[in-house]
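Trainee: I should like to learn how the terms used for a protein model are justified. May we go through them one by one?

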Amino acid sequence: MRRGGARRTAVALAVLGILLATVSACGGPSGPGAGGGAVARASGPAGGAGAGGAPADPTRIPGVGDRLQRLVPAGSRQVVAVYGQDRDSARSTVVLYTKRGSGWQRVRSWAAHNGTKGWTTDHRENDRRSPVGVFTLSDAGGVLPDPGAGLPYTRSAAFAAPRWWKKSYWHDFDYVIAIDYNRVKGTPPNDPTRPRGASEGGGIWLHMDHGSGTSACVSLPKRAMEHLLRTLDPDLHPVVVMGDREHLRR
């Protein structure tokens, strides 16, 4: 199904269950804290050279080792790569890659933030670390109207950040893209269902940046979110490959 047919726009009133799911998602008062200030510029792998100055292999996602490369679905032609600065850092760089033929091409990059305490391969609820791994991207939504998203988009007041949060966080969920970690694909990003149980966390999204670390999400500037929403295409089976640089290289 192409974009026009795949898009769903539902304007709904907030109900208690979904509101609670939103509150427990990234960016809440239990998440953002002292983890990292604004990043001056993006500095992710350029894709032009490998170790020692050797030409990079265009059939591979730069900076990603065999273990995670194998987890990228064969049919995927869009990858959002999140390169964390280090294991305990909230700073990261997001790079969008598109596959042309057999090669991956770098499209655009942005400075970003991840979990306040960094990264983990064993994510738990409220650990303030983003999970390392490869996850599909299948649903989007937010407080604001659909900007022309390719992914199914749910507009709802239930995404709004509670007004008891710091004012700088109020627009975090104006746009969100669900990272398919411990969630049911094909549902709005704020669906509270956790197939593997609540202890493994959930509600992990790409969302708008407030200038510091998150509970476990990845946050980007508004223009970056708009670009991703308009560019990610379900027919191209987009995924996110995310982690600190050391784990990504393994």
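Mentor: This is a predicted model, in which local features need pLDDT of at least 70, side-chain atom pairs count only at pLDDT 80 or more, and totals for chains, interfaces and linings use all residues. Residues are numbered from 1 along each chain as its sequence is written, and side-chain values use heavy atoms, with hydrogens and water left out.

Trainee: Leaving aside its neighbours within four places in sequence, which residues is Thr98 in contact with?

Mentor: Contact means heavy atoms within 4.5 Å. With those neighbours within four places in sequence left aside, Thr98 is in contact with Arg77, Gln78, Gly103, Trp104, Gln105 and Val107. Thr98 itself lies in strand β2 (residues 91-100); a strand is a DSSP run of E with at least two residues, and a helix one of H or I with at least four, numbered from the N terminus.

Trainee: Why is Thr98 called buried?

Mentor: Buried means under 20% relative accessible area, exposed over 50%, and partly exposed in between (1.4 Å probe, protein chains only). The relative accessible area of Thr98 is 9%, so Thr98 counts as buried.

Trainee: What is said of Asp244 in terms of a salt bridge?

Mentor: A salt bridge needs a side-chain nitrogen of Lys or Arg within 4 Å of a carboxyl oxygen of Asp or Glu. Asp244, in strand β11 (residues 239-244), is buried yet has no salt bridge. The nearest side chain of opposite charge, Arg87, is 6.0 Å away; Lys and Arg count as positive, Asp and Glu as negative, while His and the chain ends are not counted.

Trainee: What makes β8 and β9 a pair?

Mentor: Two strands pair if DSSP finds at least two bridges between them. Strand β8 (residues 176-179) and strand β9 (residues 205-208) have three bridges, in the antiparallel sense, so the definition is met. Ala178 stands opposite Trp205 in β9. β9 also pairs with strand β10 (residues 218-220), in the parallel sense and over three bridges; Leu220 in β10 is the bridge partner of Met208.

Trainee: Which residues touch the most other members of the largest nonpolar core?

Mentor: A nonpolar core is a set of buried Ala, Val, Leu, Ile, Met, Phe, Trp, Tyr and Cys residues joined through side-chain atoms within 4.5 Å. Among the 31 residues of the largest one, these are Ile177, Ile179, Leu220 and Leu228. Helix α4 (residues 222-231) gives the largest share of this core, four residues. In soluble globular proteins, nonpolar side chains tend to be buried together.
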